[in-house]
Amino acid sequence: MTTDAFDWARDQMCVTFTRVLDPAEVFARYGADPARSRLLDADAASDLPTGQFAAGAVSLLRSGRLGDWTFCVEEDGVIGS
């Protein structure tokens, strides 16, 4: 395994775990529009723009659910923190 496999560990990221809320509600609490969400694999998601832009910070949010728990991983951002 190359060190490139661990590039994600050097980036800014925030992981939240929430009970009872679905992924759309978690997105909304981050200030994102759940209607704009779509299913993407990791490669397609990593091609999306993130960072600081003239209109403000843009984070990549990835969310899923396991039982009563919803997780949200925010890559290249700190809105969740």
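## Strands, Cysteines and Buried Residues

Cys14 is buried, with a relative accessible area of 11%. Here "buried" means under 20% relative accessible area, "exposed" over 50%, and "partly exposed" in between (1.4 Å probe, protein chains only). The model is predicted: local features need pLDDT of at least 70, side-chain atom pairs count only at pLDDT 80 or more, and totals for chains, interfaces and linings use all residues. Residues are numbered from 1 along each chain as its sequence is written, and side-chain values use heavy atoms, with hydrogens and water left out.

**Exercise 1. Count the disulfides, then check Cys14 and Cys72.**

Step 1. Take the rule: a disulfide is a pair of cysteine sulfur atoms within 2.5 Å.
Step 2. Apply this rule: the count is 0 disulfides.
Step 3. Check Cys14: its nearest cysteine sulfur belongs to Cys72 and is 8.0 Å away. Cys14 is in no disulfide.
Step 4. Turn to Cys72: the nearest cysteine sulfur is that of Cys14, 8.0 Å away, and Cys72 is in no disulfide.
Step 5. Add the burial: Cys72 has a relative accessible area of 0%, so it counts as buried.

**Exercise 2. List the elements of the protein chain in order.**

Step 1. Fix the terms: helices (H or I, at least four residues) and strands (E, at least two) are DSSP runs, numbered from the N terminus.
Step 2. Count: the protein chain has 2 helices and 5 strands.
Step 3. Read from the N terminus: the order is β-α-α-β-β-β-β.

**Exercise 3. Describe the sheet that holds β1, β5 and β4.**

Step 1. Two strands pair if DSSP finds at least two bridges between them.
Step 2. The sheet is open, has 3 strands in the order β1-β5-β4, and pairs antiparallel.
Step 3. Find the edges: β1 (13–19) and β4 (60–66) each have a single partner strand, so one side of each lacks a neighbour in the sheet.
Step 4. Add the turn: neighbouring strands are turned by 15 degrees against each other on average, direction ignored. Axes are lines fitted to C-alpha atoms, for helices over the stretch in contact, and angles run from 0 to 180 degrees between N-to-C directions.
Step 5. Count bridges: 7 join β1 to β5 (residues 69–75), and 7 join β4 to β5.
Step 6. Pick out partners: Met13 has Glu75 in β5 as its bridge partner, and Gly64 stands opposite Phe71 in β5.
Step 7. Look at the link: β4 and β5 form a hairpin with 2 residues between them. Gly67 in this turn has a positive phi of about 65 degrees.

**Exercise 4. Which residues does Thr70 contact, leaving aside its neighbours within four places in sequence?**

Step 1. Locate Thr70: it is in strand β5.
Step 2. Its relative accessibility is 1%, so Thr70 is buried.
Step 3. Contact means heavy atoms within 4.5 Å. The partners of Thr70 include Thr16, Phe17, Leu21, Asp22 and Gly64.
Step 4. Zoom in on Leu21: its backbone oxygen lies 2.4 Å from a polar atom of the Thr70 side chain.

**Exercise 5. Place Gly64 in sequence and in space.**

Step 1. Gly64 lies in strand β4.
Step 2. Its relative accessible area is 13%, so Gly64 is buried.
Step 3. Compare with Asp22: the two are 42 residues apart in sequence and 8.2 Å apart in space, C-alpha to C-alpha.
Step 4. Beyond neighbours within four places in sequence, Gly64 is in contact with Pro23, Trp69, Thr70 and Phe71.

Notes: Polar contact = N/O pair within 3.5 Å; in protein donor to acceptor, adjacent residues only side chain to side chain.
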